Amino acid sequence: MTDGQKATLTLNGKTFELPVYSGTLGPNVIDVSSLAQNDIFTYDPGFMSTAACNSDITFIDGDKGILLHRGYPIGALAENATYLEVCYLLLNGELPNKEQYASFETEIKHHTLLHEQVRTFFNGFRRDAHPMAIMVGVVGALSAFYNDTINVNKSDSRRMTAVRLIAKMPTIAAMSYKYAQGQPFIYPDNTLSFSENFLHMMFGTPCENKKPNPVLAKALDKIFILHADHEQNASTSTVRLAGSTGANPYACVSAGIAALWGPAHGGANEACLNMLRQIGDVKNIPAYVARAKDKNDPFRLMGFGHRVYKNYDPRAKVMQEACHQVLNAVGRKDDPILDVAMELERIALSDSYFIERKLYPNVDFYSGITLSALGIPSNMFTVIFALARTIGWIANWNEMMADDHRKLGRPRQLYTGPVQRDYVPVEKR
Ligand code: CMC
């Protein structure tokens with residue numbers, strides 16, 4: 001990892017030599033960890049310039065718009081693989097052969113059921129609870145079912161946690177939807193594929209035996225693949241930080257779900273569709289673009305911009321195709337919201353404000369329209385994201401826990417509060 005290169009820092013007449021590391025791809029990083037011994041800290045709000053770990057899982061080149069999982073481009077995976085194949089890849093480092101795939105799929109199917117006691121948790125929520133609130137609570141509650149049996153330092157135990165989470169997340173997600181509908185929960189059907197089963201649990205009822213549409217299931221599988229992992233984003237970093245304390249992994253993933261919920265991260269897909277609906281008509285676009293450019297207006301074009309991509313998000317390209325496929329399949333190819341989206345994209349991509357700031361459509365720009373065409377309500381979009389990202393969270397957690405040199409995550413700060421002062425009794429204040 002180190003190529004012998006050193007960076008030099010001079011401060012108050014003292015010089016520090018800092019090792020420089022090269023990864024297999026991407027920019028070199030300067031190891032500043034030794035500075036703490038000299039009471040020097042680096043300052044980097046938002047981690048704009050800080051690599052918090054090393055990882056073999058996912059690589060992003062934001063300038064070129066490249067996303068690789070274990071070296072495989074996202075486009076090739078979305079085109080050719082299934083979501084479970086991508087889960088296996090992210091978790092194990094290699095694509096499975098036929099036998100490995102069959103046994104992984106069987107193992108996942110074996111764990112799709114929830115403990116019956118978990119069902120009772122749902123009754124504690126209001127019927128109008130946001131499904132992400134339910135996800136945070138119920139996934140966190142799994143830690144009460146699997147705690148003493150987990151040894152986070154043992155690879156077998158971590159693998160079982162990964163399998164359980166991948167398998168149970170669709171069941172919990174579908175239940176959070178059914179609960180709001182007032183419909184009975186639908187048990188998983190292990191004769192179906194991963195994505196078919198999710199559609200079955202979402203839209204099936206005990207009085208009908210409808211098979212999920214395979215074209216729509218395939219499109220959903222692609223959506224899952226596109227959201228499977230994305231390097232050290234806010235939610236993955238949250239899972240790592242929580243996990244670095246040795247905490248229960250279900251509780252850590254629940255923390256990841258909470259981080260994902262915000263509109264700057266996973267919540268953007270819901271916010272984006274709401275925005276497109278609010279724009280409503282192509283003729284209203286210029287007014288919204290003007291608002292997005294106005295520094296005095298907090299409005300932003302949702303689905304545009306990314307901390308890392310300063311080029312077209314490669315996931316957005318695949319999502320745009322999937323969107324057209326789904327709209328064709330459901331007979332809504334003339335959807336006016338799609339017209340608004342395509343025109344907004346065209347206008348924004350030719351506007352100097354967006355060009356100068358390298359603001360391109362991200363994965364969430366087309367995912368809302370696609371999910372909505374699949375019949376999924378907008379408050380479930382971020383839940384779908386969480387379901388799909390679970391593998392990324394758990395693969396990163398597993399990688400961190402397997403590292404013998406792992407460290408408790410504990411950032412420092414630049415203190416700007418009062419200096420030490422004397423306590424004044426309340427009657428004298
Ligand atoms: N609309 C209008 N202006 C924007 C937008 C936007 N969507 N995004 C960034 N800008 C402007 C921002 O005002 C700033 O302008 P200036 O330099 O004049 O002050 C400049 O671009 C840089 O923005 P930033 O907020 O400093 O950049 P960031 O890297 O901190 O923010 C972001 C990244 C994703 C939070 C932001 O682009 C954003 O809020 N986008 C909309 C929300 C969204 O779509 N999020 C989904 C991200 S993809 C899903 C995922 O991976 O989680």
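**Close-up views of a ligand site and helix H6**

**View 1. Polar contacts at the ligand, in a predicted model.** An N or O atom in the side chain of Arg307 is 2.8 Å from an oxygen atom of the ligand. The protein buries 76% of the 940 Å² that the ligand exposes when taken alone (accessible areas: Shrake-Rupley method, 1.4 Å probe). Lys295 places a polar side-chain atom 3.3 Å from a ligand oxygen. For His306, the distance from a polar side-chain atom to a ligand oxygen is 3.4 Å. A polar contact here is a pair of N or O atoms within 3.5 Å.

**View 2. The shell around the ligand.** The ligand has 21 residues around it (a heavy atom within 4 Å). His265, Arg300, Leu301, Gly303 and Arg307 come nearest. By class, nine residues of the shell are nonpolar, six polar and six charged. Gly counts as polar in this scheme.

**View 3. Helix H6, residues 155-181.** Helices are DSSP runs of H or I, at least four residues, numbered from the N terminus. The end C-alpha atoms of H6 are 39 Å apart, which agrees with the 39 Å expected for 27 residues at 1.5 Å a residue (1.5 Å times one less than the number of residues). Of these 27 residues, 21 are buried, so H6 is largely enclosed by the rest of the structure (buried: under 20% relative accessible area, 1.4 Å probe, protein chains only).

**View 4. The bend and the end of H6.** H6 bends by about 35° at Lys168 (the angle between axes fitted to the seven residues ending there and the seven starting there). Pro170 follows within four residues. Just after H6, Gly182 has a positive phi of about 75°.

**Notes.** Residues are numbered from 1 along each chain as its sequence is written, and side-chain values use heavy atoms, without hydrogens and water. In this predicted model, local features need pLDDT of at least 70 and side-chain atom pairs count only at pLDDT 80 or more, while totals for chains, interfaces and linings use all residues.

Key
Polar contact = N/O pair within 3.5 Å; in protein donor to acceptor, adjacent residues only side chain to side chain. Helix = DSSP H or I, 4+ residues; strand = E, 2+ residues; numbered from the N terminus. Buried < 20%, exposed > 50% of the residue type's maximum accessible area, 1.4 Å probe, protein only.
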